[in-house]
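Subject: Structure handover

Dear colleague,

I am passing on the structure below, followed by an account of what was found in it. Please read the notes with the model open beside them.

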Number of protein chains: 2
Amino acid sequence: MKAQALHGHLDALLLAVLEQGALHGYAIIEALRARSGGTLDLPTGTIYPALRRLERAGYVASSWSTVNGRERRTYQLTEAGGRALAGERAGWREFSATVGRFLGPGEPPGAPA
Amino acid sequence: MKAQALHGHLDALLLAVLEQGALHGYAIIEALRARSGGTLDLPTGTIYPALRRLERAGYVASSWSTVNGRERRTYQLTEAGGRALAGERAGWREFSATVGRFLGPGEPPGAPA
DNA sequence: CTTCATGTGTAGCAAGACTACTTGTCTGCC
DNA sequence: GGCAGACAAGTAGTCTTGCTACACATGAAG
């Protein structure tokens, strides 16, 4: 899948992943890949700037910790982030319903109604 | 809904609308608005360039006709466009399934399964 | 010691949709 | 007749956002 299609939904995805617990950037990438069955394999150059956007917006907070001598920046969902996530969920539902109305919600071409 | 979220899916939408019959640009906008229940209200500056993209790609063909002294450019789905639409449908299904896995497919928070 | 996985990060590019504007006809109203 | 507003198409420039490619650092494995 071309991740380009994410456009505008990436933030929601990141918030959703962090909802289940704080993670550091690298782990977020792996979580996305795992939970999507390998479909979402996002490069670091996509994740880190996005995380910073979210932090600037106040939706996540980050804290440094040193693990095995390696600096890790762990991101955590804030309250505002939780509210934003709820909004994003609603937005996604509306969006997918709208587009689904045109492209078919899930019926593959060949499956009878 | 911010149509910005469409990013990358607009083409599929246009093809889907044209699948049901040839239309001119203005009518396409109205069709989108009508079928989406008013959610999709796209400006001409979004539609016309998109239509030209699709025409350059060979997915739609256009022909001029004069109706009531007004020039109308009617767009029609080509065979390649039909194939592209099928691909877009598949892509949309995968995309919405993937994102839905994170944001919830459609169940509003509160509605039991 | 070299290579690879882990881990974070930046700079510059490209795609796609938006805003704002332009042009022109036809219809309806005053 | 003149003016407003719907109809109809289109362009230019901007902005957001994700991508590619790169750089840097440590620990483990060979």
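Buried area here is the accessible area, taken with a 1.4 Å probe, that two parts lose on being put together, summed over both. This is a predicted model, in which local features need pLDDT of at least 70 and side-chain atom pairs count only at pLDDT 80 or more, while totals for chains, interfaces and linings use all residues. Residues are numbered from 1 along each chain as its sequence is written, chains are lettered from A and ligands numbered from 1 in the order in which they are written, and side-chain values use heavy atoms, with hydrogens and water left out.

On that definition, chain A and chain B bury about 3,200 Å² between them, with 68% of this on carbon and sulfur atoms. A:Trp92, A:Phe102 and A:Leu103 supply 27% of the area that chain A buries against chain B, which is more than any other three residues. Counting contact as heavy atoms within 4.5 Å, 34 residues of chain A touch 34 residues of chain B.

As for polar interactions, there are zero salt bridges between the two chains, a salt bridge being a side-chain nitrogen of Lys or Arg within 4 Å of a carboxyl oxygen of Asp or Glu. Nine residue pairs across the interface, both residues at pLDDT 80 or more, are in polar contact (a pair of N or O atoms within 3.5 Å; within protein, one must be able to donate a hydrogen and the other to accept it, and residues adjacent in sequence count only if both atoms are side-chain atoms).

The elements giving two or more residues to the side of chain A that touches chain B are α1 (10-19), α2 (25-35) and α4 (79-103) of chain A, where helices are DSSP runs of H or I with at least four residues, and strands runs of E with at least two, numbered from the N terminus. Of these, α4(A) gives the most, with 13 residues.

Turning to symmetry, a rotation of 179° with 0.0 Å of shift along its axis superposes chain A on chain B at an RMSD of 0.1 Å, the fit being by least squares on the C-alpha atoms of residues with pLDDT of at least 70 in both copies. That is the relation of a two-fold axis, and the C-alpha in chain A nearest this axis is that of A:His7, 2.9 Å from it. Because 100% of the interface residues of chain A are also interface residues in chain B, the copies meet through the same surface.

Best regards
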